[in-house]
Amino acid sequence: MGGANGSKILVTTGSSRVASIMGTDSAYDLNDLPYQHCLSLFFRSAFKGEQEKQNPNLIRIGEEIVRKCKGIPLAVITLATLLYSVTDERDWGVIRDNEIWKLEQKENDILPALRLSYEQLPSHLKRCFAYCSVFPKDYIFYDLELVYIWMAHGLVQSCNENQELEDVGFRYFKELCSRCFFQDFREDAGDVQCKMHDLMHDLASSVTQNESSAIISSSQQVSKNVRHLSFLYPELLPEDLPVPFQNLDHVRTISFLNERREGISSEVFIDACFLRFQCLRVADLAYSKFELLPRSIGNLKHLKYLSLWNNFFLKRLPNSICKLQSLQALILGGCDELEELPRDIKYMVNLRLLWITTKQKYLPTRGLGCLKSLRFLFVTGCENLQYLLGDLHGLTNLRRLFIGGCDSLISLPQNIKFLTTLKILNIANCENLDLAIEEVEDNQHLSPFSLQKLEIINIPKLLGFPTWLIRGSINSLKVLKITDCDNLRELPEPLRNIATLEELLIYGCHMLNNERLHNISGPIQACP
């Protein structure tokens, strides 16, 4: 209705039926990608452009595989990445001669090439990929989010007790990315974002069978064996739990994610879910619209992942939430109206990821510092927060600390630099933050942290770069990013001696003397 004269609407679809319903004109059928272009795409992905160095037999088998892809680029590149670095002719032959190619292909069936790429996955990656069907199409995935959800369901296993589960999960994610199960990558403050192609999502849905169900109606019938429930239209749900869902005994996930970011608003419905689904591992209540989280949350003794991301109405959390002894990830980011954290948060001893937004001026003492298992701590959007917790040194396993959007924050605690396990530190958009920390003689014997990545964005009070930030990182720092610090005038001398530096990005620091950038080892991107 708002379009100007002559405006047109272009609809793309993979279904001729949809085209016939939507179109006011005849459909335009896209041609298949020509065979020679498919070959070029395949060999560029499989051989990384070094086709002339390869075994002629591999090239011949590759040509036969490409013909089976029938001009579909996604099929071509998926199989090419599957065969990347594989040099055994028999492995290539297995792909070419697989029985999947012989199955009759209907219009909406899963592409044989995609199903074949799934069949070639090791079992642990099959389970992780299949779980992605719980998310809506076009969902923006974050690597950290996915890893902790996989962990909550026991999909991430480590055979080495010294290896962190998070590291194993990140490796799973990278392997799926390398095989083209995800696409459209971008980095945001150190986190990887990506999407999943619709056809890949269809594949994930097809392999989960009756385990996962996307709910579009409260009267929808679901299998009694369903484990993962996604409510795609939470705004249409009734107050109480509909009858078809009252007899489900195996539910492990409830999610209200959708592309419209319309969250659940009924506290009664959430309460009913908590009371009925006692074996929940994951509860994703992002963009929900209730003021109080039901006290019944405390009964979910198996819950490992709870997201209340961007609930702009949430004011209080019941103290019963602190009974969740199994909880590994608690996400309260974007809860702008949250008045305070639960007073007994120190008892949530298995928390490994905590993301908080709160209206408090001070974080509770003898609270967060007791969370010995914490690996990732995000403190964002806390506009009233003046001081971080003083018992920060108690976080003896903390690997990443992110502080952002805390305009009232004045200083960081002195003991922050003695978090010896800290590897990534992000500080961003804190208008009144002074990063200078006074040296205390009693602490001279303590070892400072050895960071691998340091990122500082838009800190107006940063005049001279504090040496405490990199003193202990001379032999470990790989990435240093300083952006939009308008008043920064000089870089620290120790920066010249960091032999491990792989990336240095300095941007928007208009007062910085460019002569300070000379003789710094490592690749440099400098934009005055």
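**Val11 and the nonpolar patch**

I looked up Val11 to begin with. Val11 sits in the segment before helix H1 (16-22). This is a predicted model. I noted Val11 as partly exposed, because its relative accessibility is 41%. Val11 also belongs to a nonpolar surface patch of about 510 Å². The other residues I listed for this patch are Ile9, Val18, Ile21 and Met22.

**Ser117**

Next I went to helix H6 (residues 112-119), where Ser117 lies. Is Ser117 buried or exposed? I have Ser117 down as buried, since its relative accessibility is 2% and the cut-off for buried is under 20%. I then checked its contacts, setting aside neighbours within four places in sequence. Ser117 touches Thr78, Leu79, Leu82 and Phe181.

**Two positive phi values**

I searched for residues other than glycine with positive phi. Asp138 turned up with phi near 70°. I placed Asp138 in the loop between helix H7 (123-131) and strand S1 (141-142).

Asn458 is not a glycine either, and its phi is positive at about 50°. I found Asn458 in the loop that runs between S14 and strand S15 (479-483). With a relative accessible area of 30%, Asn458 counts as partly exposed.

**Lys453**

I stayed with strand S14 (residues 453-457), which holds Lys453. Is this lysine, Lys453, buried or exposed? I recorded Lys453 as buried, because its relative accessible area is 13% and buried means under 20%.

Which residues does Lys453 contact, leaving aside neighbours within four places in sequence? I wrote down Glu187, Gly190, Lys423, Ile424, Leu425, Leu477 and Val479. I took one of these, Leu425, and checked the spacing to Lys453. Lys453 and Leu425 are 28 residues apart in sequence. Their C-alpha atoms are 6.5 Å apart in space.

**Glu383 and the negative patch**

Last, I turned to charge on the surface. Asp336, Glu383, Asp407 and Glu431 form a negative surface patch. I followed up one of its members, Glu383. Where does Glu383 lie? I traced Glu383 to the loop between strand S11 (376-380) and strand S12 (400-404). Glu383 is exposed, because its relative accessibility is 55% and the cut-off for exposed is over 50%.

**Recap**

I end with two buried entries, Ser117 at 2% and Lys453 at 13%. Val11 at 41% and Asn458 at 30% are entered as partly exposed. Glu383 is entered as exposed at 55%.

Note on methods
Residues numbered from 1 in each chain as written. Predicted model: local features only at pLDDT ≥ 70, side-chain atom pairs only at ≥ 80, totals over all residues. Heavy atoms only, no water. Patch = residues over 30% accessible without salt bridge, like charges linked within 9 Å, V, L, I, M, F, W, Y side chains within 5 Å. Areas by Shrake-Rupley, 256 points an atom, 1.4 Å probe, with all protein chains shown as cover. Salt bridge = Lys/Arg side-chain N within 4 Å of Asp/Glu carboxyl O. Lys, Arg positive; Asp, Glu negative; His and termini not counted. Charge placed at Lys NZ, Arg CZ, Asp CG, Glu CD. Helix = DSSP H or I, 4+ residues; strand = E, 2+ residues; numbered from the N terminus. Buried < 20%, exposed > 50% of the residue type's maximum accessible area, 1.4 Å probe, protein only. Contact = heavy atoms within 4.5 Å.
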